[in-house]
Structures are given as structure tokens and as C-alpha cells.
Amino acid sequence: MTIKIIPSFEEIENFRVPLTAGEKECLKHLEVYLKESHPERDFEIYTQPNLFFSKPDIMVLEPNRSVWIIEVKDYSFEAYYISFNDKKDYWKVKNRGNANITSPFKILEDYKFNLMDYANSNLSEAAEDNNKIKLNRIVKTAAYFKNFKENHLREFEAHTNEYHQFRYSTILLSSDFKAKSEKLDMLFEETRYKSYQLDECDTADLRALINPGENGRNLAQPDFQTTKYASLAKSRQQQQKIRGKAGSAKTTLLAKRVADAVIRLEEPVLVACYNITMTNYLHDKVRSELAVRGRGNLTAEGVDIFNYHSLYHWSGNSEGTYNQGNPKEDRRYGAIFIDEGQDFEKEWFNSLKKDYLKYDNSEFVIFADENQNIYDRETGMEEDDTNHSKNLPITPVRGRWNVLNKDFRNKNQGINKLLNRFSKHFFDEDYIEQPELELSEPGRMKYTAIDDFSLDNVCEKVASYVKFLTEQGESVNDICVLSNSESLISDVEVQLRLNSSKHKAFRENATTFRPKADVGVESSTGEVGKRAAKMRFYRNSGPVKFSTIHSFKGWETRNVILVLTDKWAEGVTDTVRHRLVYTGLSRANNNMIIINDAGNSDYDEFFEGLKHKK
């Protein structure tokens with residue numbers, strides 16, 4: 001018998017939104033009860049699992065048997081007004097001005113049917129046939145009230161037969177676990193009839209959906225062991241510029257140095273980047289490093305993370321571009337850290353120093369990768385600490401660039417070899433040195449070229465590869481579909497979403513663009529909607545992710561499906577094309593799948609050629 005806690009208790013302590021006291025209590029109760037009362041059975045307990053964009057409080061999976069969904073409430077009974085009418089229960093919170101809240105039993109019912117709609121065989125069959133007995137044997141629901149007492153349940157019991165919303169849910173109290181009540185034993189009674197059990201396909205599908213995967217974890221990375229990396233991760237009153245290829249741990253090093261600066265300075269620290277989507281990723285990375293040092297959240301510690309444009313007022317001009325105005329924030333920072341510095345105009349570095357750095361000689365550190373200069377910013381010939389001269393971002397920081405040349409990302413050695421060969425072939429340079437991590441997982445790499453690069457053919461390929469990955473045990477939360485074309489990736493997303501009855505993994509998707517209502521129909525919200533979508537794009541959002549390469553730059557995930565069309569933006573040079581493809585290829589750390597338009601003949605020739613090399 002095994003009980004798996006997913007994520008681990010250590011990872012749970014680092015959640016973006018901490019567990020409530022009731023959720024922690026219920027989780028501990030469940031672990032003890034299942035161990036002691038059902039030692040012969042296997043269970044997986046998921047805390048805040050993913051159900052597309054929803055996150056139930058707790059789910060318990062017994063593989064090839066049953067699944068339980070548990071909603072936890074911390075309020076005392078006296079905090080609510082609860083009424084019963086029209087075969088429903090209605091809840092109001094007294095200290096919130098009698099604000100209406102959704103019944104916990106309605107929430108459980110919605111979760112259950114969302115789960116039914118996603119699953120394959122016995123589950124969806126029961127839902128379609130409206131077979132409530134079968135449905136409620138396979139998926140069982142319970143509401144855990146931390147501060148309710150036994151006498152508070154009488155009113156619910158009086159309405160059990162009349163109000164079906166909680167008729168099929170068990171009400172649990174702390175006393176049920178302490179006494180190992182009959183009610184608890186009935187809830188977790190083993191389902192022995194085959195037709196009332198999950199099958200293997202259901203179990204695999206549910207795991208792929210609810211398991212948060214790597215993107216659901218947010219643990220600090222181990223401290224660097226190499227002298228150079230360890231030194232650069234230490235905060236000091238010094239201005240530096242650091243360059244490294246994708247996977248060389250630039251963002252991890254930045255996060256460690258930010259956390260160290262918080263402790264050293266005890267005053268506000270600013271992290272700036274270019275991409276809006278990158279701010280959420282940086283937030284998670286910095287927060288995990290602060291947590292391991294026993295520090296509070298970012299706001300409490302005075303850490304601000306902004307994309308550059310949100311730091312200034314902007315005004316349009318007659319040429320259709322924007323002029324930078326005055327700074328928005330009236331704050332000076334003891335240290336400023338810039339991620340993805342190759343995205344910055346050279347004047348922006350000076351603006352940040354002038355408008356936001358506390359003293360002219362305060363800590364000011366720039367991180368960059370010249371091969372990801374996909375906006376073709378101006379560069380100049382500069383020297384690094386390996387005595388090489390290269391075209392690098394033009395900055396106000398004097399001295400040589402510090403070079404990061406270890407790979408901390410790729411668990412799949414094949415991706416490392418691919419990036420080395422791509423850099424050598426298209427940039428005429430080596431990529432990076434040997435990985436600084438154990439290659440414990442073989443990973444997968446696939447390449448396919450499509451002669452008829454129609455939307456239907458691309459969608460079928462994407463759907464088949466997502467299915468392949470989930471069948472290999474990957475979480476949908478760890479899968480991202482990238483493209484060099486926003487028009488294409490948004491059409492792929494909407495077509496798969498509208499056909500989710502066939503491809504259920506795409507019923508809801510996370511996007512860095514405003515989702516379309518239909519293929520070819522642009523969103524009416526324009527730039528405002530696009531910005532809002534980017535700000536809501538998180539690592540642990542739950543569903544499959546769809547993004548342009550531009551918006552996913554700086555991120556990483558276990559599984560990337562890279563879709564390359566030969567329709568490039570007007571005016572894009574060959575150099576920028578190669579940088580974009582390099583950026584897309586370097587987003588995966590374990591499984592990389594490339595779907596290429598055969599019209600991209602130079603890339604087709606390159607990828608096909610790799611099949612004959614080892």
C-alpha cells in the first residue's frame with residue numbers, strides 16, 4: 001500500500017496562495033486515516049489539483065477504482081446564513097454584508113460534471129446516461145467543515161431527500177476523522193463492481209489533468225556549487241552584466257541574487273523585464289528563493305517586478321509609435337536587476353538608472369542572451385571574461401561581460417546536442433558546455449515536416465502529440481504549444497477548443513493572446529485583451545498552454561510542441577528568424593516535438609540531417 005501526497009508537503013508550503021488552516025487539517029486527517037484504515041489500498045492525494053482552470057481543494061485518486069473531490073470550508077456555522085428553497089441551498093456570509101457565496105455542494109457538483117465531461121469510458125458513460133448511482137460510485141464528493149459541530153448538521157439532514165445538491169455529498173467534520181466514523185468508512189468504501197470503477201484509460205486521463213506536474217511546483221533551486229555561479233549569486237554594491245545561453249540558469253541566478261539583495265539591503269528591490277508574461281514567471285522564481293530563506297512575500301519584502309513599459313507613461317505620436325514620458329512609480333530602489341536584457345533599447349538602461357536607482361553606484365545587474373535578440377535591438381562589439389569579443393547589448397555598465405556556460409535546464413541530452421548543432425550551423429558558434437545536472441530522464445525528440453500545412457493537418461498533429469505525451473504520463477499543465485505566428489497559433493487553439501468533444505484535453509486552454517471566438521475571427525478587445533491575457537498567463541494555470549515564441553521567451557517547461565510556419569512577419573531578417581527558432585527550441589527541458597512547414601526548407605534540411613547523426 002502506498003499513499004502519495006502530490007505535491008509534496010514541502011512544495012505545498014511554497015504555494016502562491018497558502019493553504020487555509022482547514023485545508024491543512026483535512027489533508028493531514030486524510031493521510032492518517034487512509035494509512036491506518038485502508039493499509040492494503042493505494043491512494044494519491046492531490047492538493048489544489050488542476051481541473052482545467054479550476055482548482056478543487058483536495059482530490060483523492062485510487063487508481064483504477066475511484067476518485068474523491070473534497071471542498072473545505074473554514075468558517076464557523078454562525079458565520080453563515082443558510083436557507084433552503086427550490087431544492088437548493090443558499091449561503092450568505094454575515095461579516096461580509098450578507099454577501100452571497102456559492103454553495104459548497106454546488107461547487108462539488110460542478111467539479112464532478114467537469115470531470116465526467118473530460119473522462120473517456122465509464123465516467124462519461126455514466127454522465128451521459130444520467131446514471132446517478134454509477135456516477136456517484138465512481139466520483140464521490142465531500143464537504144469538510146473545519147468549525148462545524150454535529151448539532152449544526154441537523155438542518156442539512158432534514159432536507160437530504162429534498163435537496164439533491166448535497167444528497168450525494170458527504171459532510172465531514174474533524175470529529176469524523178478522530179472517531180473514524182461509519183460515515184467516513186462508507187465514503188471510502190472500496191468499489192468492487194468493475195462497471196462502477198475507473199478503467200486504466202480514465203485513470204491515466206485523470207492523472208494527466210489533475211497532476212500539477214513540474215509547473216505546479218515552485219521550489220527554490222539548489223545553491224550553485226561552481227565558484228563562478230556561487231559568486232555571481234551573491235548581492236553586492238557592484239554593477240555587472242551577465243550573459244549566458246538559454247538554459248544556463250540566468251533567471252535562477254537572478255532570483256537568488258534578488259533574494260540575497262533583500263537580506264543585504266533591507267530596502268526595496270526592482271526586477272525589470274520586457275515581456276509582460278515574464279513578470280509572472282519571475283514572481284514565482286523570486287518568491288521561492290525568498291521562502292527558502294525564511295522571508296515573506298514579495299510585497300512585504302519590498303520586491304517589485306515590472307515589465308519596462310509599465311514603469312513609464314507613454315504617449316502616441318503622428319508616426320504611430322509611442323514616446324516615453326515620466327516614470328509612474330515614485331520610488332527609489334537599493335538594487336535593480338534586469339532580465340532578458342537583450343530585449344531592451346540601450347536608452348532604457350539609462351532611464352532605469354536615472355529614474356529608479358537610489359544611488360548612481362547602487363547594485364545594478366543586467367542578464368542577457370544575445371542569441372535571443374529577437375527584436376533586433378542595437379548591439380556593439382564588447383568583450384567577455386573568456387576574452388571573446390561579440391556583438392552584445394549596449395549598456396551603461398562598464399567592464400567585461402560575465403559568461404555563464406553551464407547547462408542547468410536540459411534533462412534530455414538530445415536537446416542539448418540539438419541546440420549545440422543549431423548554434424554551430426546558424427550562428428557559427430558553440431552553444432554551451434556539458435549539463436550541470438543528472439540526465440536521469442531520457443526525454444523524447446520528434447520532428448515532422450508537413451507538405452500540406454493546412455490548419456486541419458496542423459491541428460491533427462498537435463492533438464496526436466499531446467495525446468502521445470499524456471499517454472507517457474506527462475501532465476497537460478507541463479505542455480506548451482509554441483509558434484512563430486500568432487495568427488496560426490490562435491487559429492490552432494480555437495479549432496482544437498471548438499472540437500474538444502473529439503480532443504477533450506483542449507476544452508479550456510491557457511493562452512498569451514486573447515482567444516478567438518472562431519477560426520479567423522479576431523478578438524474584439526484588441527491590444528487591451530491581449531495584455532490582459534498575458535497578465536493572466538501562469539506556470540500553474542492548469543490546461544495546455546498556447547503561446548507565441550515571443551511571449552514564451554524566458555520561460556521553460558517539460559514539453560514543447562514547436563509549430564513553425566513559413567509565413568514570417570514582414571521584414572524579418574534571416575538572423576532574427578534563426579534567433580526565434582533557437583528561442584523556441586530552447587524552451588523545453590525534457591521533451592521537444594517540432595512540426596515544421598516543409599516550406600521552411602533551410603530548417604527542414606537541418607532537422608532531417610540530424611536524423612542521420614548521433
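# A pocket between two domains

Domain 2 (227–404) and domain 3 (413–612) both contribute residues to the lining of the second largest pocket, so this pocket lies between them. The model described here is predicted, and the pocket offers a convenient place to begin reading it.

The volume of the second largest pocket is about 920 Å³. Its lining is made up of 38 residues, and those nearest the centre are Gln221, Thr252, Lys285, Phe408 and Glu556. By character, the lining residues comprise 15 charged, 14 polar and nine nonpolar. Three elements, α12 (250–265), α13 (276–292) and β24 (557–564), each provide at least two residues of this lining. The greatest contribution comes from α13, which supplies four residues.

The pocket can now be placed within the whole chain. The protein chain is divided into domain 1 (3–210), domain 2 (227–404) and domain 3 (413–612). The centres of domain 1 and domain 2, taken over C-alpha atoms, are separated by 44 Å.

How far can the model be trusted? The mean pLDDT of the protein chain is 89, and 92% of its residues reach 70 or more. Over residues 434–440, however, the pLDDT is below 50, although this stretch has 17 contacts in the model beyond near neighbours in sequence. Where pLDDT is low, the predicted coordinates should not be read in detail.

Strand β24, already met at the pocket, also belongs to an open sheet of six strands, whose order is β20-β25-β24-β21-β23-β22 and whose pairing is parallel. The edges of this sheet are formed by β20 (444–450) and β22 (510–511); each has a single partner strand, so one side of each is left without a neighbour in the sheet. Further inside the order, strand β21 (residues 479–483) pairs with strand β23 (residues 545–548) in the parallel sense over four bridges. Within this pairing, Leu482 has Ser547 in β23 as its bridge partner. In a regular strand the side chains alternate between the two faces of the sheet.

An antiparallel pairing is found elsewhere, where strand β17 (residues 379–383) and strand β18 (residues 389–393) are joined over five bridges. Here the bridge partner of Gly380 is Leu392 in β18. The hairpin of these strands has five residues between them, and Asn387 takes a positive phi near 65°.

Two individual residues show how distant parts of the sequence are brought into contact. Lys534 is found in helix α19 (residues 526–535). Leaving aside neighbours within four places in sequence, Lys534 is in contact with Ile276, Thr277, Asn280, Thr512 and Ser551. By contrast, the C-alpha atoms of Lys534 and Arg409 are separated by 24 Å, with their positions 125 residues apart along the chain. Pro268 occupies the loop between α12 and β11 (269–273). Outside its neighbours within four places in sequence, Pro268 is in contact with Gly302, Arg331, Arg332, Tyr333, Gly334 and Ala335. Pro268 and Leu298 are 30 residues apart in sequence, and their C-alpha atoms are 9.9 Å apart in space.

Some details of the backbone complete the account. The peptide bond from Ile6 to Pro7 is cis, with omega near -10°. Pro7 itself is located in the loop between β1 (3–6) and α1 (9–12). Asn64 has a positive phi of about 60° although it is not a glycine, and this residue lies in the loop between β3 (58–62) and β4 (66–76).

Notes. Residues are numbered from 1 along each chain as its sequence is written. This is a predicted model: local features need pLDDT of at least 70, side-chain atom pairs count only at pLDDT 80 or more; totals for chains, interfaces and linings use all residues. Side-chain values use heavy atoms; hydrogens and water are left out. pLDDT is the predictor's confidence in each residue, from 0 to 100. Contact means heavy atoms within 4.5 Å. On a 1 Å grid over the protein atoms alone, a cavity is a set of points where a 1.4 Å probe fits but cannot get out, and a pocket is an open set with protein on both sides within 12 Å along at least five of seven lines; lining residues have an atom within 4 Å of a point. Grid points are joined across faces, edges and corners, and a volume is the space filled by probe spheres set on the points. Ala, Val, Leu, Ile, Met, Phe, Trp, Tyr, Cys and Pro count as nonpolar, Asp, Glu, Lys and Arg as charged, and the others, Gly among them, as polar. Domain bounds come from an automatic or database domain assignment. Two strands pair if DSSP finds at least two bridges between them.
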